[in-house]
Amino acid sequence: MVLDSLYAGSVALPVPAWIVRGLHLVTLTTHVAVMNILLGSVLLYAAGLYLSDGKAVNTPRLPVWMAFTINTGVAPLLFCQALLADFIFTSSILIAGWWLGAVFVLMAAYYLSYLAISPQAPLETRRLAAIATALFLLFVSFIFVCNIDLMENPLRWSRYFDSPHGWILFTGGAETLFRWLHVVLAALFHALLLGRILGKAGTLDGRLGLWLGVGLLLSLMATGWGHHALLPETVRRWSGSGVITLMLLFLSAGGLGLIYLSGRLKCAAAWACGNLTLMICFREKVRQSLIMVVTTTLPPDYGSLVMFAAALGLGGGALIYMLSLLRKGGEA
Amino acid sequence: MMYPVLDFFKGGGGLLIAVIAVVHVYVAHFAVGGGLFLVLTEMRARKRQSEALLAYAKRSTRFFLLLTMVFGGLSGVAIWFTIGILSPGATGKLIGIFLFAWAAEWVFFSVEITALLIYWYRFDTLKPADHLRVGWIYFISAWLSLFIINGVISFMLTPGAWLETGRFQEAFFNPSFWPSTVFRTFMALWAAGLFGYVTAAFSKEKEVRDGMLGFYTLWVVTLGVAVLASGRLYLASVPAFHLAGRYEFASTIPQRVQGFTWVTLGIMGLAFCMLIVKHRPVRKPLALLVLAVGLIHMGLFEMVREHARKPWIVPGVLYANNMAPEDADGVNAEGLRSRSSWLAGDHLTGRNLFKAQCLSCHSVGGLINDIKPLTARYTPEGLAQALVGQGTLHRYMPPFFGDARERRLLSRWLTHGLHGAKRQGIPKGPLPREDTIDTRQTPVLLAWRQTLGNARLDSALFRSGDPVTHRIQAVLILKGDMPEVVMDGPEIAVSSQGQTWAMAFDDDLGTWIASADTKSLAGECLVTAMEGGDVLNRIALPPESDSSRGCFHCHGGQRDPTGIGEVTARNILAAHDKNSGTAFVDDADKGRLVMCSRCHRGNRPSPSAAIHGWHNIYMADKGETSCRFCHSSGPNHAPAFFSGRHRKKRNCTHCHSNLRNHAAGLLKPFTVPEVRGLKASLGIEEGSVTAREPYAQLPDCLSCHEEFGPASFKSTAAMTDSSEERFSVRKDEMEALACAACHGRAHELVPATRPGVNDQSLAYMGQPGVMGSITCTVCHEEEKEDEAHHAGMLKNRDGMNTK
């Protein structure tokens with residue numbers, strides 16, 4: 001396939017590209033953080049219900065996390081489409097059946113999450129609903145990983161000619177599986193960390209949770225390294241240069257592990273946020289070495305940016321006000 | 001870049017987005033209006049200190065949460081995913097314009113869901129005043145979300161001044177923005193009432209049911225009036241040409257607008273029923289019925305908006321198939337494959353071209369805008385031509401983007417690929433005579449056909465003008481030193497297919513003539529001169545050549561050797577009805593023959609001008625191929641009637657000019673609005689065109705054969721100034737013989753290739769050729785040295801005049 005036309009950059013941005021890139025980074029980090037909590041929480045919750053009689057298992061507010069995961073996912077997708085239009089659109093078309101299906105699977109998971117935490121529902125029903133929700137969300141996460149993986153590897157797009165109906169899913173190899181596993185392990189670690197901070201991790205609030213966290217971190221490092229090692233050599237070489245490198249990421253993860261082991265969980269959470277941001281930046285660097293995208297900009301038109309800023313001001317004010325009400329009136 | 005296209009044939013035509021969008025939009029409007037309703041209900045409950053009503057408000061909140069946040073939120077994501085898959089180019093374009101507007105909408109959506117979650121989870125624990133404030137925050141943020149999305153959606157129909165300035169504020173506050181905002185706000189509030197019926201009807205408390213149902217009825221009826229009024233306001237802001245579509249789907253816009261009004265009134269009627277009917281088991285299904293009809297109501301509006309926009313995604317900027325008008329020249333020159341990796345090499349197929357250009361609006365055997373019935377009547381050649389003119393007159397379709405090869409591939413797949421190959425047959429010449437006509441050398445009897453207007457439309461259902469007569473002309477010459485043209489005395493008759501017509505001498509024409517309708521004289525004709533019961537001489541004329549017209553290529557039916565078959569003719573009338581608002585198919589059904597010249601006269605373009613002007617748009621090649629297309633059975637066959645000597649080195653355009661000039665001359669005298677588009681599409685400066693009257697002004701032979709001399713190879717004919725100068729009525733310089741008597745008729749100048757045409761010259765000269773070109777002794781006793789009939793007539797006497 002002749003892919004030269006890809007590198008023209010199809011969306012002409014109305015503002016300098018760094019603004020969009022910055023917003024993409026911030027919103028994506030937020031989304032991944034919230035998504036980690038959701039996926040990890042549902043996995044831990046389902047495992048807890050499955051492995052116990054359910055009485056000692058703390059019930060997470062899954063629908064709330066679900067709502068915010070979906071909501072925070074909208075903005076990075078928007079900015080991603082603005083920056084990588086040709087790539088993300090193309091991979092989404094190739095994977096269309098799964099991509100659209102993910103929405104309906106997510107919808108089913110959303111409704112099931114209400115059932116999974118419903119105090120009125122029998123334990124067996126909650127257990128099944130939680131497991132189904134967990135499986136559905138795992139599947140959705142796999143679809144998303146496959147889509148991004150396909151987006152970053154245009155040479156695989158020729159598979160479209162064999163399967164033009166949108167049912168291409170997994171086009172990678174072990175590196176893709178490592179990547180997905182990395183996502184799942186990260187979700188488990190972050191959910192565990194949050195649960196332990198809030199004291200709602202049940203049996204995992206103790207030493208078991210401590211060592212499980214360390215184990216998850218080590219597994220994260222292993223899968224991360226495994227994924228990176230299977231990338232093309234040019235990509236590895238490129239990602240090894242500059243300030244943000246795999247080594248830095250490993251050092252950061254190591255630091256996180258030590259803080260976590262020391263029991264300073266809030267400090268670990270803050271470190272984890274930084275670590276997550278670092279990881280997102282590193283991924284962006286890897287992405288840049290896989291696909292070089294030229295962004296085009298029009299003569300600046302800040303009209304819509306002003307609207308966005310006004311919305312942020314207004315909406316931010318409303319959010320702060322509502323959070324203050326929560327603080328005044330107790331837990332939400 | 002061109003994106004790959006999802007191979008989703010039955011679901012093509014936007015089925016996916018239509019289903020998801022209509023349902024989502026319904027719920028999304030409810031999410032806005034319902035927010036206000038929840039707050040008002042809670043206020044009412046608290047004011048009345050009604051526990052039952054407050055409990056109802058809480059239950060409604062849960063229903064609202066599950067419906068709008070889960071289903072509404074995710075179906076919104078589904079729309080986002082779907083448009084990215086089905087219209088990636090357009091989505092990218094809209095992102096470029098509205099990037100941060102969408103981001104702002106996301107902010108309000110975030111506030112909206114946060115507020116709703118707090119409103120629900122803290123229904124019982126927040127102070128009432130704080131709780132109500134959260135409700136108001138929900139409603140305001142939901143409405144602001146609508147406000148912003150409405151800016152994008154209304155822009156897609158009326159981009160307004162943005163087309164010139166390219167500025168965001170012009171795009172957002174486009175001409176239909178405010179009317180649309182008002183209309184959608186009322187729609188949102190109205191939707192809340194429709195959903196409210198369900199929660200109220202299913203409520204177990206009588207106090208709630210009776211109290212709320214009355215309130216809902218007042219709500220729905222009042223807002224129904226507001227919806228209708230603001231709907232009119234909105235429609236008034238949409239340019240009329242978007243709403244007055246006449247073609248295909250667009251033709252349903254007026255009905256859908258009307259349907260929207262009636263459904264609104266119907267729902268208002270049902271609202272009264274909800275109030276009147278006290279029986280609970282009836283109320284429940286009635287409430288669900290109201291909800292379902294509400295979905296249809298929303299669907300009708302969305303379909304009006306979508307169809308009005310077609311064929312654009314953004315008028316003037318991007319077509320529904322993601323093609324931009326500004327790319328047309330480049331793509332048409334280099335082919336679509338030059339812009340798309342997905343059409344390169346072996347992937348350049350008709351099927352893939354269909355996906356790239358058509359699937360966004362047409363399905364294949366699916367529910368929406370099925371392409372199969374629309375292409376069933378075409379031949380590949382016909383459809384290839386239809387694609388040339390697509391989007392020029394029928395603005396409901398975008399133009400075809402691509403070069404000739406791609407056009408051929410697509411048209412072949414859309415016809416043979418979808419419907420199987422149809423054999424139309426190849427025109428056959430007449431069978432050679434089995435018997436021989438004993439033509440004597442004297443007296444010299446020459447005969448020829450003079451069909452007046454054999455290019456005119458003539459079918460069983462319509463005709464371009466008065467009945468076309470078929471005329472046989474003959475001349476009888478007594479051989480001698482000074483040959484004599486016989487004007488009276490003998491009886492000359494023509495017989496064909498068992499009928500005989502006496503011929504009479506016409507002083508003006510200087511020939512014997514017999515006239516009859518076209519079909520009677522279309523077969524072989526035998527012209528016989530008799531005197532006193534004795535046969536003086538007789539001569540045979542071959543039957544008329546195959547008269548197939550190429551109309552069937554685009555209008556369906558089969559090739560008909562007599563001209564235009566009945567199925568084809570009916571489809572032509574149907575096309576005329578669609579394009580011009582006539583009812584000719586009804587006339588044909590009632591047995592009334594349609595006469596084109598009844599309307600196409602005076603200031604209106606003549607049938608010939610209209611037809612050539614209209615079809616010029618659809619012809620890629622304006623040269624002989626286009627002539628063959630209609631005046632023969634197809635572009636690959638030279639017209640059977642054109643078998644004369646000019647056939648060898650000349651084609652139609654040498655005498656009639658190319659289609660563009662031909663149409664330009666015919667259209668020039670007319671200035672009525674309907675011809676402006678036709679003239680514009682010619683791309684010819686009108687001052688350089690000479691007007692021409694059809695059938696009266698025809699190619700002037702002497703404009704090429706100056707002084708009866710040979711024409712240069714490059715010469716092209718000018719038209720005669722009057723009908724008296726036409727070849728068919730001209731005579732030699734002695735005013736003794738019609739030109740056609742010696743040369744044959746215009747399209748069959750001897751020597752011709754069609755069997756039978758040369759029989760007369762063979763009978764009198766022993767060789768094919770112009771009568772007298774080999775020897776003067778056909779009529780004269782001896783060879784002549786002076787060129788009495790016209791100059792140059794003896795120029796080939798040393799050689800053979802067979803070239």
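Me: Quick one to start: is Arg46(B) buried, partly exposed or exposed?
Reply: This is a predicted model, and in it Arg46(B) counts as partly exposed, at 25% relative accessibility.

Me: And which side chain does Arg46(B) meet in a salt bridge?
Reply: That would be Glu42(B), with an N to O distance of 2.7 Å. Both sit in helix H1 of chain B, 4 residues apart, which puts about one helical turn between them. Glu42(B) is buried, at 0% relative accessibility.

Me: How many salt bridges are there over all chains?
Reply: The count comes to 34. One of them joins Arg179(A) and Glu152(A), at 3.0 Å from N to O. Arg179(A) is in helix H5 of chain A and Glu152(A) is in the loop between H4 and H5, so the pair ties together parts 27 residues apart in sequence. Arg179(A) and Glu152(A) are both buried.

Me: What about Asp589(B), which partner does it have?
Reply: Asp589(B) meets Arg570(B) in a salt bridge, 2.4 Å from N to O. Asp589(B) belongs to helix H19 and Arg570(B) to helix H18 of chain B, so this one links parts 19 residues apart. Asp589(B) is exposed, with a relative accessible area of 52%, while Arg570(B) is partly exposed at 27%.

Me: Which residues are linked in a network of salt bridges?
Reply: Arg184(B), Glu302(B), Arg305(B), Glu306(B) and Arg309(B) are.

Me: Switching to the two chains: how many salt bridges are there between chain A and chain B?
Reply: The count there is 0. There are 11 residue pairs in polar contact, though.

Me: OK, so what area is buried between chain A and chain B?
Reply: About 6100 Å², and carbon and sulfur atoms give 78% of that. The contact takes in 74 residues from chain A and 63 residues from chain B.

Me: On the side of chain A that touches chain B, where does the largest share come from?
Reply: From H2(A), which supplies 21 residues. By type, that side of chain A divides into 54 nonpolar, 15 polar and 5 charged residues.

Me: New topic: how many disulfides does a search of the whole structure find?
Reply: It finds 0 over all chains.

Me: Why is there no bond for Cys739(B)?
Reply: Because the closest cysteine sulfur, in Cys701(B), is 7.1 Å away, too far for a bond. Cys739(B) is buried, at 17% relative accessibility.

Me: And Cys267(A), which cysteine has the closest sulfur?
Reply: Cys273(A), but its sulfur is 11 Å away, which is too far for a bond. Cys267(A) counts as partly exposed, at 33% relative accessibility.

Key:
Residues numbered from 1 in each chain as written. Chains lettered and ligands numbered in written order. Predicted model: local features only at pLDDT ≥ 70, side-chain atom pairs only at ≥ 80, totals over all residues. Heavy atoms only, no water. Contact = heavy atoms within 4.5 Å. Buried area = accessible area lost by both parts, 1.4 Å probe. Salt bridge = Lys/Arg side-chain N within 4 Å of Asp/Glu carboxyl O. Polar contact = N/O pair within 3.5 Å; in protein donor to acceptor, adjacent residues only side chain to side chain. Helix = DSSP H or I, 4+ residues; strand = E, 2+ residues; numbered from the N terminus. Nonpolar A, V, L, I, M, F, W, Y, C, P; charged D, E, K, R; others polar. Disulfide = S-S within 2.5 Å. Buried < 20%, exposed > 50% of the residue type's maximum accessible area, 1.4 Å probe, protein only.
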